[in-house]
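Subject: Structure handover

Hello,

Please find the structure for your project below, followed by notes on what turned up in it. Keep the sequence open beside the notes while you read.

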Amino acid sequence: MKGKLIIILLSLTFLSCTEKNTARIIQNIEVQEFIIDSTSIRSLIAIDENNVVFAGSDGTVGNFNLEKGLTKLTIKYQDSILPHFRSLASNGSTHFALSISNPALLYKINGKNYNMVYQEHHEKVFYDSMHFFENGKDGIAVGDPTDNCPSIIMTNDGGNSWNKIPCSQLPKFEEGEAFFAASNTNIKIIGDTVWIASGGKKARILKSTDKGKTWEVYNTPIVQGNGPQGIYSIDFYDKNNGIIIGGDYSKPNDNCKNKAITKDGGKTWTIIADNINPNYKSCVQYIPKGNGKEIIAVGKTGISYATDAGLTWKHLANKDFYAIQFVNSTTAWLTGNNKIGLLKIK
């Protein structure tokens, strides 16, 4: 009896592991496109299957509802300047939009009301991405260097006030190393840990396990060396398993050294699908409940999908989008130039 019990337990363990590592075979996707006139949209918050919030290039912060349509707010600085938003974040109850270029303008938004909570004037200022930690009180935004370190601003009061971290507390950047404001996804947060991906002269990972108090920096094998090369997007399925993607924006059809995975929390990275599609992508995301196997990447070169943690990929559609964010394992919202999209996995 004891021997039979051991055999049964081993069989159940094997079946459990087999089920855990099984990914779906996606045969088809459906993408609905909705025109949003005169704005480039690179950041979004997917609320549910019917609602998405986004920020755009003409001072627009909008909400799109499948039944009610588009509602948008146009933010103006000094009554005439329309901020170019590429970063959008939520503390759980309030939205925040951050502009690129000089001056950097960060707004707290409640419905149709908004107020500025941070601004920065510098000829080199350029913020790329912004996110909140899970507690909704701590938040982080990252930007290109104005000195010899990355620009990082943080909040500890839910976004009411923001402060820039001095270079003495941050890793040094090489001349020509910066970030990309491609999809608001060069930051990833899990618990108290935050990862940030760079590009240009160097393509590296900045990691903090204490909400930005201390930092480690890790090299990656992603293509790097000049302005448009490097990491455009990063995602982690858990604290150990992650993926980075990008390439060379000026050569979007290249697929050499433009994607890599880690199994040790970002310390070391291994190139995957080298010289095989997908080529340049601006956003990569793990699909919820996909056991770290199911991944979708989007960009101006289309939509691609992997079922084996990124080792091999299938081209799903020629639709060009900048960013994607999932609501659940079958539904995601997308953003693009003059449009948003709703993706359904069949």
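**Loops with unusual backbone**

Ala 309 sits in the loop that connects E25 with E26. Its phi is positive, about 65°, although Ala 309 is not a glycine. Before going further, note that this is a predicted model.

A positive phi also turns up at Ala 273, where the angle is near 45° and the residue is again something other than glycine. Ala 273 belongs to the loop between E22 and E23. With a relative accessible area of 10%, Ala 273 is buried, because buried means under 20%.

The loop between E22 and E23 also holds Pro 278. The peptide bond that leads from Asn 277 to Pro 278 is cis, with omega near 15°. Another cis bond runs from Asn 102 to Pro 103, and there omega is near 0°. Pro 103 is in the loop between E6 and strand E7 (104-110).

Ile 272 is placed in the loop between strand E22 (270-271) and E23. Is Ile 272 buried or exposed? Its relative accessibility is 4%, so Ile 272 counts as buried. Which residues does Ile 272 contact, if neighbours within four places in sequence are left aside? They are Ile 243, Lys 259, Ala 260, Ile 261, Ala 309, Gly 310 and Leu 311. Ala 309, described above for its positive phi, is thus listed among the contacts of Ile 272. Gly 191 is 81 residues from Ile 272 in sequence, and the two C-alpha atoms are 27 Å apart in space.

**The largest pocket**

The volume of the largest pocket is about 740 Å³. Of the 29 residues that line this pocket, His 131, Lys 188, Ile 189, Gln 285 and Gln 325 are the closest to its centre. The lining is made up of 18 nonpolar, eight polar and three charged residues.

Several strands supply at least two lining residues each: E1 (29-46), E5 (85-90), E9 (127-132), E14 (187-190), E19 (229-236), E23 (283-286) and E27 (323-326). Which strand gives the largest share? That is E14, with four residues.

**Nonpolar cores**

In soluble globular proteins, nonpolar side chains tend to be buried together. The largest nonpolar core in this model has 30 residues, and those that touch the most other members are Ile 29, Ile 296, Ile 303, Ile 324, Trp 333 and Ile 340. Two or more residues of this core come from each of E1, strand E2 (51-56), strand E24 (295-299), strand E25 (302-306), strand E26 (314-317), E27 and strand E28 (331-345). Another core, of 17 residues, lies apart from it and includes Cys 167, Ile 189, Leu 206 and Trp 215. Ile 189 therefore has two entries in these notes: it is a member of this other core, whose residues are buried by definition, and it is among the residues closest to the centre of the largest pocket.

**Asn 91 and Asp 157**

Asn 91 is in the loop between E5 and strand E6 (95-99). Asn 91 is buried, at 18% relative accessible area. What lies around its side chain? A polar atom of the Asn 91 side chain is 2.8 Å from the backbone nitrogen of Thr 94. A polar atom of the same side chain is 2.9 Å from the backbone oxygen of Gly 158. Not counting residues up to four places away in sequence, Asn 91 touches Phe 96, Phe 132, Gly 136 and Gly 158.

Asp 157 is found in the loop between strand E11 (151-155) and strand E12 (163-164). Its relative accessibility is 33%, so Asp 157 counts as partly exposed. The side chains of Asp 157 and Ser 161 are joined by a polar contact of 2.6 Å. Phe 132 is 25 residues away from Asp 157 along the chain, with 11 Å between their C-alpha atoms.

**Lys 344**

Lys 344 is part of strand E28 and, at 22% relative accessibility, counts as partly exposed. Its side chain makes a polar contact of 3.1 Å with the side chain of Thr 331. Beyond four places in sequence, the contacts of Lys 344 are Asn 28, Ile 29, Glu 30, Glu 49, Thr 330 and Thr 331. Asn 28 is 316 residues from Lys 344 along the chain, yet their C-alpha atoms are 8.8 Å apart.

Regards

Methods
Residues are numbered from 1 along each chain as its sequence is written. This is a predicted model: local features need pLDDT of at least 70, side-chain atom pairs count only at pLDDT 80 or more; totals for chains, interfaces and linings use all residues. Side-chain values use heavy atoms; hydrogens and water are left out. On a 1 Å grid over the protein atoms alone, a cavity is a set of points where a 1.4 Å probe fits but cannot get out, and a pocket is an open set with protein on both sides within 12 Å along at least five of seven lines; lining residues have an atom within 4 Å of a point. Grid points are joined across faces, edges and corners, and a volume is the space filled by probe spheres set on the points. Ala, Val, Leu, Ile, Met, Phe, Trp, Tyr, Cys and Pro count as nonpolar, Asp, Glu, Lys and Arg as charged, and the others, Gly among them, as polar. A nonpolar core is a set of buried Ala, Val, Leu, Ile, Met, Phe, Trp, Tyr and Cys residues joined through side-chain atoms within 4.5 Å. Buried means under 20% relative accessible area, exposed over 50%, partly exposed in between (1.4 Å probe, protein chains only). A polar contact is a pair of N or O atoms within 3.5 Å; within protein, one must be able to donate a hydrogen and the other to accept it, and residues adjacent in sequence count only if both atoms are side-chain atoms. Contact means heavy atoms within 4.5 Å.
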